[in-house]
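Hello,

Here is the structure we talked about. Please open it alongside this note, and my findings follow below.

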Amino acid sequence: MGRVRSPHPYGHRKFITMSDGATSTFDLFEPMAEHCVGDDITMVICPGIANHSEKQYIRTFVDYAQKNGYRCAVLNHLGALPNIELTSPRMFTYGCTWEFGAMVNYIKKTYPLTQLVVVGFSLGGNIVCKYLGETQANQDKVLCCVSVCQGYSALRAQETFMQWDQCRRFYNFLMADNMKKIILSHRQALFGDHGKKPQTLEDSDLSRLYMATSLMQIDDNVMRKFHGYTSLKEYYEEESCMRYLHRIYVPLLLVNAADDPLVHESLLSIPKSLSEKRENVMFVLPLHGGHLGFFEGSMLLPEPLTWMDKLVVEYANAICQWERSKLQCADAEQVEAGLE
């Protein structure tokens, strides 16, 4: 109910042709105020599973970030937008960073003076953390990264997704049903009789897709084959950000909720342990918030703007101010050295 009154920010849709012929899209929203430190800052945002810039929680966050002086670039997951056809036999997967990386490179090239704040929600949190950890060059011009409500390890999460506590198995079914609808809407591009079809994707996989009742079944029969993984275990191990987190050196804020029905408490030992070992990592775990909820206000009429939205922007503001103060201190030291 808190999403009923979500704002409608105005942006421009950008199209990028990938090396395999896929057409990636993202929406660009310009700032509506001057930033608190007066700099050019762009938030590069990766939404949750099968989501895009038109989802209510993304619209609310973008509107708030714009009003605080941030340019926002929001990735539309490949295949997620109903009015954008696939131009290659591939769609978004759990940990593929290609489209997000293409968007970031576009922003760096188009706005050479801008600095980046990287933000990922749910599955998007996995993608952005994996992207930053893949190579040190991906952290260039990045001020900080914020990940909200991700699960860190798909391999460890798959067992918990079949459990019924907090209705997790039911949520699994609902998300799987949504994924089936998206995949089937692109049936011709993915399963059509043409030479571009992945060699590992067979017509029998389409039959198994119809019968799938969990995300794991869909991942095993379809998603892992887009990138040639031989098993579900290999796919989850390689596509999870857990093995990349220790390679992130910029300030990293990891946010989860203790009552998240999708992220089991056993998975939270990953960010907790990392924050204890790394000075650049902060782990935030409120008791309540659900999965990308964090509503404030009354129960029947919660505010559209959530604690999550304000937290991400305030953390980004603090990092920007910290970076500005470091530069000022460095300039003052150089002046003093010159006088001596």
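E30 and R71 pair through their side chains in a salt bridge, at 3.1 Å from N to O. The model is predicted, so read every value here as computed. The pair joins distant parts of the chain. E30 sits in the loop between β2 and β3, while R71 belongs to strand β4, and 41 residues separate them. Their surroundings can be put in numbers. E30 is partly exposed, at 35% relative accessible area. R71 is buried, at 6%.

That pair is one entry in a longer list: the structure holds 19 salt bridges. Two others deserve a look.

Take R13 and E54. Their side chains meet in a salt bridge, 3.1 Å from N to O. Here too the link is between distant parts of the chain. R13 is in strand β1 (residues 12-17), and E54 is in the loop between β3 (41-46) and α1, 41 residues apart. R13 has 25% relative accessibility and counts as partly exposed. E54 counts as partly exposed as well, at 39%. Which residues form a network of salt bridges with one another? R13, D27 and E54 do.

Then D20 and R90. Their side chains meet at 2.7 Å, N to O. D20 lies in the loop between β1 and β2 (23-29), and R90 lies in the loop between β4 (71-76) and α2 (98-110), so this salt bridge ties together parts that are 70 residues apart in sequence. D20 is partly exposed, with a relative accessibility of 35%. R90 is buried, at 4%.

Next, the annotated site. UniProt, in an unreviewed entry, places the feature "active site" at S122, D260 and H291. Why do these residues gather at one spot, given that they span 170 residues in sequence? No two of their C-alpha atoms are more than 11.0 Å apart, so they come together despite that span. Of these residues, S122 and H291 are included in the lining of the largest pocket.

S122 is in the loop between β5 (115-121) and α3 (123-134). Its relative accessibility is 13%; the cut-off for buried is under 20%, so S122 counts as buried. Leaving out residues up to four places away in sequence, S122 touches G48, V148, C149, Q150, H291 and L292.

D260 is in the loop between β7 (252-255) and α10 (269-277). D260 is buried, with a relative accessible area of 0%. With the sequence neighbours up to four places away set aside, D260 touches C149, Q166, G290 and H291. H291 and C149 appear among the contacts of S122 and among those of D260.

Now helix α1. This helix covers residues 56-67, which is 12 residues. From its first C-alpha to its last, α1 reaches 17 Å, close to the 16 Å expected at 1.5 Å a residue. Is α1 enclosed by the rest of the structure or exposed? Of its 12 residues, 10 are buried, so α1 is largely enclosed. The buried residues include charged names such as R59 and D63, along with Y57, F61 and Y64. After α1 comes G69, which has a positive phi, near 90°.

Two more loop residues are worth finding on screen.

N138 lies in the loop between α3 and β6 (142-148). N138 counts as buried, at 12% relative accessibility. A polar atom of the N138 side chain lies 2.7 Å from the backbone oxygen of Y131. Which residues does N138 touch, not counting those up to four places away in sequence? They are K108, Y131 and L132.

T93 lies in the loop between β4 and α2. T93 is buried, at 1% relative accessibility. Apart from neighbours within four places in sequence, T93 is in contact with L123, I127, M223, F226, H227, Y235 and E239. The C-alpha atoms of T93 and A137 are separated by 23 Å, and the two residues are 44 places apart along the chain.

Best wishes

Technical notes
Residues numbered from 1 in each chain as written. Predicted model: local features only at pLDDT ≥ 70, side-chain atom pairs only at ≥ 80, totals over all residues. Heavy atoms only, no water. UniProt positions renumbered as here; feature names shortened; annotations may be inferred. 1 Å grid on protein atoms, 1.4 Å probe; cavity = no way out; pocket = protein on both sides within 12 Å on 5 of 7 lines; lining within 4 Å. Helix = DSSP H or I, 4+ residues; strand = E, 2+ residues; numbered from the N terminus. Buried < 20%, exposed > 50% of the residue type's maximum accessible area, 1.4 Å probe, protein only. Contact = heavy atoms within 4.5 Å. Polar contact = N/O pair within 3.5 Å; in protein donor to acceptor, adjacent residues only side chain to side chain. Expected span 1.5 Å × (residues − 1). Salt bridge = Lys/Arg side-chain N within 4 Å of Asp/Glu carboxyl O.
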